[in-house]
Amino acid sequence: MSTPASTGEVVYDVRNVTLRFGGVVSLNDVNLQMFRGEILAVIGPNGAGKTSLFNSLTGVYTPQEGTIMLAARAGDVPVSAIGKKTHVINHLGVARTFQNIRLFPALTALENVKVGVETRMKSGPIASMLGLPRQRREERESTERAFELLRSVGLAARANELASSLAYGEQRRLEIARALGTDPGVILLDEPAAGTNPAEKRELAALIQQINAERGVSVLLIEHDMKLVMSVAHRLVVLNFGQKIAEGSPEQIQKDPAVVAAYLGTTTEEASELVGTASVTKIDTDLDLTEGDV
Amino acid sequence: MSTYTDVTKGGGQSRRSDAAEARIALAKRFAGCMFLAFVLALMIGTQEGTQDDFGYAFRKSVFAPRIGIFALIGVAVFLAVTFWPRIVPYLSRAGVRPLAAGALTVVVSFTLLNWTDSTDLNNGKFGGLRPAAAQTGGIDPVARLFFGSAFSLTPWLLLLIVVALVAAAIRFEDSSTLGYVGGGLAIVFGIWAQYAQSAVRSFLDYPDHSTGAGVALLGFVTIGVSGIVVARSHGKADSGGFFQRVYDWRPGMPLVALGAVVGLVGLFSAAWFSPTDRNAGIGLTSTMFHGTGLSGFSAAYLAWLAYVLFFATLILAGAASYLRHHLLGWVAAGLGVVSLLVTLYVMHDFSGLAAQSKFDGATGAWDNLGTGGWMLCGALTVLAGAGYLVARHEQVEVPDAAPGVSSDAALAAGSKLGPALLVVIIASALFFPPTATQFWQTVLVTEIGIYVLLAIGLNVVVGWAGLLDLGFIAFYAIGSYTTAYLTGRLPVKPPSFLELTPLAAIPFAIVICLVAGVLLGAPTLRLRGDYLAIVTLGFGEIIRVVANNSTPVTNGSRGAFNIPPPEIHIGPLDIKWGDNVLGYWYLLLVFVVIVVLLFNRLEHSRLGRAWAAIREDEVAAQATGINTVRVKLLAFAIGASTSGVAGVYFASQIGSFTPENFILNNSILVVAYVVFGGMGSLPGAMAGAAVLTWLPEFLRDQVPAEDRQMWIGAVILLMMIFRPAGLIPARRRRAELGGLDKKDSSETTAVPAGEGM
Amino acid sequence: MHEFLNYVVLGLTRGSMYALIALGYTLVYGVLQLINFAHSEVFMSGAFGSYLVVNAVTHDGAHPAWYGVIGILVLGLGSGAAVGAAVAYGLERVAYRPLRRRGAPKLAFLISAIGASFFLSQLAGKLFNRLNNNDFPTYFNVNHHVVAVAGVTVSLVQAIIIVSALVMMLFLDTMVNRTKLGSSIRAVAEDAPTAALMGIDIDKTIARTFIIGGALAGAAGFLFGTAYFFSNTMGFIPGVKAFAAAVLGGIGNIRGAMLGGMLLGLIEVLLPTFPWWHATGLIGIQWTDVVAFLILVLILVLRPTGLLGEKLGRAA
């Protein structure tokens, strides 16, 4: 899966973005292009600014400098994502999941997905109270669509269980289904594999590739699990201390001294020696170790 | 007192032996129980201190000999809590919970409830009635025996006998005979109580609305059911499971049984016609109207048709339930409805005729009716409902094609008793109020009903959207003032084309409250929970103070008065509400039913889910594309408009109001009602409001008037401690419980979960 | 000018009272994130408790020397604080801890507190009396002016209230920021589960927080009783105002509560004195409430987490 399925159209065009909290610089002059149809992974040690980047992309944070242009769905005219509210950006075709799962625990799995699906519907309170035909039709459609999504993430059998009663890995998948419910052009996954077991990780990798291939959704992925990242991502961007330090294909990144230095906390010179001598698998496991910091 | 010493202390504790720890825990619990007893002693003491002697009431409560009783109560509580784990297995045994509930109900009926409304006996409770009834010569000996022969202990003895019998049946698991005997006797005693009261009633010849015997009958029947459950289950299943089996076996049967009991009492025991000083049963009523020009149909009804209709419906409904016959069910439902209409017609007919032909004390159509006719109406409704349920049950049975398509169907499966309960509630909402006393009718209309409506509205804001609104009463005030304005009862007059009748003011009140809700919400809704609470609280106060001080506009603290009662003139429909309280009740019922139907749809709609989403996790809701501001504003606006409708109703029913009706305390109370009943649950919010508005009026008879709020506070506190999710928890809310802190300590497990009965 | 300063003194007197009560709200909010609605009844209990003690020691009509005044002051504050602390602790044990153990929804705590509030105020009414104008012995109301400079006067009662409130607030601030108890309170406020892992007994810390807040409110009850009146329903209005003050300063923030309380007191007293106020024709003391609330709303809309933000113990 190393051949980018990208079309060359830009989905997210991030230029010179800087985000500060008081005196702390969280993102420093970050440039980033994401292309339609690709799976782009953002990696970096903890505190590198990955989640800040996500939050800037989805309107939770407003960067002080730089521009973010968004054209989530094919054929969209790029618009600025800065200063727009989160739900507006969602309506522009960007869906996301959260690092620490944020479902609606007291709703059933089906209802969770329906909430996502229904943000694209029209019927208002009066139609609902009176049970007008259009509202009934929309209700039926949303149920069917939610079911279809649950089936695609393998949760159809648990549709009527409360979200809080699902297993951890199931909750992760439910969150993805809910995000897909809003019919996005881009989906942002924030550490989807955190806390899952190896079998679940394999399923997750397949799910991500399936979303990308079958639904044509571009995927932006933050992940610490290097095996997963290397197996699904078409391209990687590496952040450290709020700056982009590398960008390229999985193979390139694995050999990049700057990246290794960032992860091992050594200087670039030492790291390049390391890259020279050690095998790729060695680095792989080293990179994996960083997961322990989470 | 530092963190550091805490740690070392903790270490020290863990070095203590388990036995010592257990002893300390026990001692703590004992101290807690004694403290409880002490507080109870203070609460029950009737004295008050004075400015000169602040300690008087305290000394009287604590140093009087009766403190011994409270100490005993404390010890009893301590024992119960300590041995609770050993009691639990008994509680889950078949029949134990209904037995306890039934015994408790009977005790309550003997001690707290009125057995007569007669002014001759200034204390209408059992204790007051008993000596009078026992000594009166003219009373039926069977009834006199009930009220006390030897040591005036008969009723208590009866209760003791059946409880002992059933308890013995539970203890000796194989003894089904004991169970049947105990259960049968209990039912006989219940009927005896009912008969005794009706004998006294006809002896006193005084219109009577007391509920004592009815509740006693209910308690005894519950004990009877317990006995039968014990006899049939042979100690195997618990009674909850038994009832579920009965229900699964024949879904309509519980309703049929209830309809039979109520109908029989209505036909054979209760009064049908009671102008000033007589209580005429249906037979006597029939003879009374002989030769008064009563229409042949009504005469026939009173003479025999009533019995025929009732028994036909009963048999049909019973047969339909037993045979699970679809068509028979429809027939029973139809006949029930027809009989109901006929009964209502006849009641209207003869009460109207009585007033026309100047019967002694007869005042008009629908007046002077006894409880009998209304009970029969209730019974027919229940039977019709049973038939309807049977008819519908077959259809629901069709297997669902798309598995899980309706998540609500799956939810409903958990509460199969729901529809049956609904039928009972409808029947009592329609036909119980006419049998109540004037006092209770007024309470129903001016307190319970209105607050139920308000609680439904606030439930949208607090329960569904999760926004704490402490100024909800402001919208109620706006609705009331809008009505006063549009009916021209404020110093500022509306333009002549806008002068309206109260009911026509409803749309205006809705719109104005919507606007007010949006105006309040728009700037403040980005505030988080507690900030929102204080802002809404401020808003409520502002509205009240403005109303109080803008004398040229609102008439200031004198408020608005002479607001006309509601009226409807649409085509052939021409209704004007006047002094009859009941009329307002039915009007209110219409409002409540409409609002409940609409809101029930709303809860399970897109908007309802969006509300749940923002309540659960606002950030995730935004990321999922929900416009949280809009959704919150909708909650505010919809809640506010409900409150506005309540305001219109209130203004035109009560006729005059002042800003004092809209004090902050009322806002807080409505929040308390919603949470008490079960946040986010429509039936819960209604039940909460109904219970907590009923309670102070009920306590009026039981405790000194000034102490009522103390007792209500205690009830709310206890409810929250033992059942924080409320009376009828919302399905969606139940999931949230058991979150946060799951640490199980002996103290919490020592306390019953408040489930069951 | 001197008139204005006199009003300032009045406002500070009222504000100190609000601030003392607001501290209890803010402390509890800091550690539990919930509004202790029954806090106003703790305040009320302090007034009754201190009255019983002080009245037992002295008798009406006495005019004690300066050391006597100080003695009574210490006795009153101490007994008020003790009763307030006891009631607050009882409240925590009965109305909050069981709910915490059950993981009850947040509103259940509020309603439980409302129940407790009804209960306490009516029980006090039952045990003592339901008059709404009980007075402390008169010597506390002596309008002896301790300061009288250029027409600005500060009466003894005002001085006592302002000074003792300031002393108590200083004490509290030091305790929360400097002592180990304070740091454990802050730790629980910051992150209860982590604090528990660090060996802090959460239940104990919460109980102590209630005790501290209750002591302050109880002492405030004594001061309020000496300055104005006391009754079983005295808590409600000052309670609501103090809660508003806590929110105004940033609920959960100790210095915020002090600032909010003082500000609210000043606003309430000073507002009607402004010339433009009379120009609007809105005479009547009730309007101050309206304007005070409007200012509160305005501040909150501009600064949604209050004037000083929300962190407990964080230096402003």
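**Three chains, their contacts and their helices**

The secondary structure of chain A comes to 12 helices and 10 strands, and I should say at once that what we are looking at is a predicted model. Of the 294 residues in chain A, 49% are buried. If we take the contacts in chain A with a separation of 6 or more, residues 24 or more positions apart account for 67% of them.

Let me begin with the sheet in chain A. Four strands form an open sheet in the order S2-S1-S4-S5 of chain A, and the pairing is antiparallel. Strand S2 (24–35) and strand S5 (79–80) of chain A are the edge strands, since each pairs on one side only. As general background, strands of a sheet pair through backbone hydrogen bonds, in either a parallel or an antiparallel way. At the S5 edge, strand S4 (residues 65–70) of chain A is joined to S5(A) by 2 bridges, and there A:Met69 has A:Ser80 in S5(A) as its bridge partner. Helix H1 (residues 50–57) of chain A lies across strand S1 (10–21), S2 and S4 of chain A, and H1(A) runs at about 65 degrees to S2(A).

Turning to the domains, the assignment for chain A gives domain 1, made of 1–93 together with 184–247, and domain 2, covering 106–183. The C-alpha centres of domain 1 and domain 2 of chain A lie 25 Å apart, and the contact between them takes 9 residues from domain 1 of chain A and 10 residues from domain 2 of chain A. On the domain 1 side, helix H7 (residues 198–214) of chain A provides the largest share, 3 residues. By class, that side of domain 1 of chain A has 5 nonpolar, 3 polar and 1 charged residues.

How many residues of chain A are in contact with chain B? There are 34 residues of chain A in contact with 31 residues of chain B. On the side of chain A that touches chain B, helix H2 (86–91), helix H3 (109–118), helix H4 (125–130) and helix H5 (133–152) of chain A each supply at least two residues, and H3(A) gives the most, with 6 residues. That side of chain A divides into 12 nonpolar, 16 polar and 6 charged residues.

We can set beside this the contact of chain C with chain B, in which 55 residues of chain C meet 61 residues of chain B. The elements that give two or more residues to the chain C side are helix H3 (66–102), helix H4 (106–127), helix H6 (180–190), helix H9 (236–249) and helix H12 (286–302) of chain C. The largest share, 15 residues, comes from H4(C), and the residues on this side of chain C divide into 32 nonpolar, 14 polar and 9 charged.

Chain B itself is assigned four domains, namely domain 1 (17–82), domain 2 (94–247), domain 3 (250–395 with 414–435) and domain 4 (441–662). The C-alpha centres of domain 1 and domain 3 of chain B lie 51 Å apart. Helix H2 (residues 18–44) of chain B has 27 residues, which at 1.5 Å a residue should span 39 Å, and because its end C-alpha atoms are 39 Å apart, the two values agree. The buried residues of H2(B) are B:Cys33, B:Ala37 and B:Ala41. As a general point, an α-helix has 3.6 residues a turn, so residues three or four places apart point the same way. What covers the buried residues of H2(B) includes helix H3 (56–63) and helix H4 (67–82) of chain B.

Further along chain B, strand S1 (residues 567–570) and strand S2 (residues 573–576) of chain B pair in the antiparallel sense over 4 bridges, with B:Ile570 standing opposite B:Leu573 in S2(B). Their hairpin has 2 residues between the strands, and in it B:Gly571 takes a positive phi near 55 degrees.

I will finish with two helices of chain C. For helix H2 (residues 39–57) of chain C, the 19 residues should span 27 Å at 1.5 Å a residue, which agrees with the 27 Å between its end C-alpha atoms; H2(C) is mostly covered, with 14 of its 19 residues buried. The buried residues of helix H5 of chain C include C:Ile161, C:Ala165, C:Met168 and C:Leu172. The buried residues of H5(C) pack against helix H1 (2–32), H3, strand S2 (152–155), H6, helix H8 (202–227) and helix H10 (254–270) of chain C.

Methods
Residues are numbered from 1 along each chain as its sequence is written. Chains are lettered from A and ligands numbered from 1 in the order in which they are written. This is a predicted model: local features need pLDDT of at least 70, side-chain atom pairs count only at pLDDT 80 or more; totals for chains, interfaces and linings use all residues. Two residues are in contact if their C-beta atoms, placed from the backbone, lie within 7 Å. Ala, Val, Leu, Ile, Met, Phe, Trp, Tyr, Cys and Pro count as nonpolar, Asp, Glu, Lys and Arg as charged, and the others, Gly among them, as polar. Domain bounds come from an automatic or database domain assignment. The expected span of a helix is 1.5 Å times one less than its number of residues. A residue is buried if 20 or more other C-beta atoms lie within 10 Å of its own, exposed if 12 or fewer, and partly exposed in between; C-beta atoms are placed from the backbone. Two strands pair if DSSP finds at least two bridges between them. Axes are lines fitted to C-alpha atoms, for helices over the stretch in contact, and angles run from 0 to 180 degrees between N-to-C directions.
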